Amino acid sequence: MKARHPGWTLLVVCAAVFMLLLDLTVVAVALGDLQRDFNADLGELQWVVDAYTLPLAGLLLTAATLGDRIGRRRIFAAGLALFTLGSLACALAWSALSLDAFRAVQGTGSALLFGTALPLIGAAFPDPKGRAGAIGAFGATLTGATAVGPLVGGALVDGPGWRWIFLINVPIGLAALVITALRLSESRPENPRKADWPGTALLTAGLFTLLLGLIRGHDDGWGSPEIVGLFVVAGVLVAGFLVRQATAAQPMMDLGLFRSTTFSGAALSVFTVSAALVGATTYLSLYFLNTLGYTPFEAGLRFLPMTVASFVAAPVAAQLAHRVSPRLTVGGSVLLAALGMGLMTQLDGSSPWTALIPGFVIAGLGMGVQGAVVSSVSLAAVEPARAGMATGVVNTLRQVGVAAGVAIWGVVFQARVGDEVTSRLDGSGLPVDRLADAAGSGAGTQIANAVPAPLRETVAAAARAAGAAGLDRLMLFGAIAAAVVGLAALVLVRAPAEPPSNVPVSRETDAAREEVPELA
């Protein structure tokens with residue numbers, strides 16, 4: 001059924017998606033204030049990000065299925081209500097734990113929103129030309145939200161305070177709810193799939209257990225029974241999820257998609273760039289805020305070289321995609337990210353932030369190219385009837401990558417920073433272990449405030465060197481991982497074959513092709 005008000009549908013969907021993506025990046029520049037206000041350690045800061053991305057990753061495919069069965073407008077409205085309520089609760093949080101819990105509520109609402117966003121647009125714009133324009137506007141919204149997140153967050157944190165990065169969502173969410181009720185039409189396909197609740201539970205629980213083990217490993221000891229037990233449970237749950245997907249009549253994730261080497265290469269590249277590069281932004285933010293001493297808005301400005309490069313590269317790559325081999329665009333985008341991260345190594349305690357600019361620009365170009373081409377490459381690798389599933393899987397892997405990257409880089413950062421502080425302050429008579437733990441939690445030069453005045457400059461210098469060493473180490477590991485995956489993508493990804501001319505395309509198949517853009 002054609003929507004009565006397609007323009008309103010596009011407006012409210014783009015506004016909602018802008019909010020949910022903004023909340024993925026806007027918190028980065030607030031981490032310093034959150035750490036001070038809540039006396040939070042690194043694990044609690046990691047959960048500020050991962051508590052949001054985990055339900056977004058685990059529930060995204062199920063949310064799309066629920067929209068098909070119950071009604072996309074209903075699920076979208078439920079997502080808006082949940083996201084708005086979660087935003088208000090985050091603004092009223094009284095501790096790091098409460099904030100992390102309310103971020104999970106936000107993330108659940110985000111999954112419902114994002115899972116139904118493109119199907120709503122597709123139903124509102126049945127004409128191919130109108131649909132293409134609407135999807136183009138949707139894609140621009142994704143890129144714009146990612147680009148302005150640190151700036152918006154910095155302005156709000158420096159101005160009225162960090163709670164406003166959440167409060168600003170409330171009036172927007174309420175207005176969007178009213179428009180949804182009055183202007184959006186309900187839509188659902190003729191033959192909806194069933195929700196795979198066992199698969200959803202296994203995936204979400206498996207990811208949660210794995211992330212919990214990674215985040216708690218440093219404090220509890222990697223060989224402790226608790227951490228080993230968490231990893232064992234995570235392995236069993238993830239294995240159970242894979243078995244469920246291989247045997248279920250209507251799985252939430254079609255593992256058959258990975259029989260295509262092109263799809264596998266594209267999906268692996270999305271996961272890797274999200275984990276390696278996007279996951280590293282949490283620690284870049286802490287470095288800017290607590291080691292170099294910039295304000296949140298100043299820290300947000302320093303991300304501009306990467307976000308502007310990404311914003312500029314995306315439309316250029318989209319225009320050139322049909323002229324260049326997909327293996328070069330997909331593999332090349334990951335290799336650009338690897339080169340950019342490699343250029344962000346060799347930092348020391350005296351390095352200015354400008355040392356990061358060349359790496360920011362090159363990595364941003366890689367992000368922009370990947371965001372522009374990977375969805376079309378993924379769709380071309382599968383038959384039309386599986387296009388919607390293909391895009392959902394890629395989007396899910398992107399969020400899993402962000403969550404995993406934040407957790408894994410926390411392990412690397414915390415260990416390297418702690419070791420550097422210990423080696424530089426050993427024999428000083430100071431409580432080195434306590435200072436090393438605080439620096440490893442991202443406190444940066446603020447640890448100098450805990451020592452007598454004559455020793456503060458020495459401790460601050462050690463903290464600056466340690467912060468640079470921790471960032472250097474995770475950038476090096478990220479560059480290596482991205483380089484390996486980029487080279488693998490050059491081998492795996494192949495030019496698409498011409499589709500058979502006698503394959504019928506149903507309305508559901510055509511609607512599946514709506515889901516072309518993905519998180520940039």
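# A walk through the helices

Start by selecting Gln-346, which sits in the loop between helix 15 and helix 16 (357–380). Keep in mind that this is a predicted model. Turn on the backbone here: phi of Gln-346 is positive, about 65°, although the residue is not a glycine. Is Gln-346 buried or exposed? Its relative accessibility is 70%, so Gln-346 counts as exposed.

Now jump to another loop for a similar backbone check. Pick Asn-39, in the loop between helix 2 and helix 3 (42–70). Phi of Asn-39 is near 50°, again a positive value in a residue other than glycine. Asn-39 has a relative accessible area of 68%, so color it as exposed.

**Salt bridges, one by one**

Stay around helix 2 and select Arg-36 together with Asp-33. These two form a salt bridge, and the closest N and O atoms are 2.9 Å apart. Both residues lie in helix 2 (residues 31–38), with a spacing of 3 residues, about one turn of the helix. What about the cover on Arg-36? With a relative accessible area of 46%, Arg-36 is partly exposed.

If you'd like the background, side chains of opposite charge can pair when their charged atoms come close. How many salt bridges does a search of the whole structure find? The search turns up 9, so there is more to click on after the ones on this tour.

Next, select Arg-244 and Asp-196. Here too a salt bridge is formed, with the closest N and O atoms 2.9 Å apart. This pair links distant parts of the chain: Arg-244 belongs to helix 10 (residues 225–247), while Asp-196 is in the loop between helix 8 (169–183) and helix 9 (197–220), and 48 residues separate the two. Switch on a surface and look at each partner. Arg-244 is partly exposed at a relative accessible area of 30%, whereas Asp-196 is buried at 3%. The cut-off for buried is under 20% relative accessible area, and that is why the two partners get separate labels.

Now scroll to helix 17 (residues 387–425) and grab Glu-420 and Arg-424, which both lie in it, 4 residues apart, about one turn of the helix. Their side chains meet in a salt bridge at 2.7 Å, N to O. Glu-420 counts as buried, with 12% relative accessibility, and Arg-424 counts as partly exposed, with 49%. Don't deselect yet: add Arg-416, because Arg-416, Glu-420 and Arg-424 are linked in a network of salt bridges.

**Two helices and a patch**

Time for some helix geometry. Show helix 1 (residues 6–25) and helix 4 (residues 72–91) as cylinders: they pack at an angle of about 40°, and their axes are 12 Å apart. How do helix 1 and helix 4 lie to each other? They are oblique to each other. As for handedness, helix 1 passes helix 4 in a left-handed crossing.

For the surface, select Val-316, Leu-320, Val-324 and Leu-328, which make a nonpolar surface patch of about 310 Å². Zoom in on one of these, Val-324, in the loop between helix 14 (304–320) and helix 15 (326–343). Val-324 is partly exposed, at a relative accessible area of 32%.

**Three distances to try**

Finish with the distance tool, C-alpha to C-alpha. First pick Val-105, in helix 5 (residues 96–124). Val-105 counts as partly exposed, at 28% relative accessibility. Draw a line to Ala-89: Val-105 and Ala-89 are 8.9 Å apart in space and 16 residues apart in sequence.

Then go to Ala-267, in helix 11 (residues 261–278). At 2% relative accessibility, Ala-267 counts as buried. How far apart in space are Ala-267 and Ser-224? The C-alpha atoms of Ala-267 and Ser-224 are 34 Å apart, with their positions 43 residues apart in sequence.

The last stop is Ser-378, in helix 16. Ser-378 is buried, with a relative accessible area of 2%. Connect Ser-378 to Gly-229 and you get 36 Å, C-alpha to C-alpha, for a pair 149 residues apart in sequence.

Conventions
Residues numbered from 1 in each chain as written. Predicted model: local features only at pLDDT ≥ 70, side-chain atom pairs only at ≥ 80, totals over all residues. Heavy atoms only, no water. Patch = residues over 30% accessible without salt bridge, like charges linked within 9 Å, V, L, I, M, F, W, Y side chains within 5 Å. Areas by Shrake-Rupley, 256 points an atom, 1.4 Å probe, with all protein chains shown as cover. Salt bridge = Lys/Arg side-chain N within 4 Å of Asp/Glu carboxyl O. Buried < 20%, exposed > 50% of the residue type's maximum accessible area, 1.4 Å probe, protein only. Axes fitted to C-alpha atoms, helices over the stretch in contact; angles between N-to-C directions. Parallel < 35°, antiparallel > 145°, perpendicular 65-115°, else oblique. Left-handed = near helix turned anticlockwise from the far one by under 90°.
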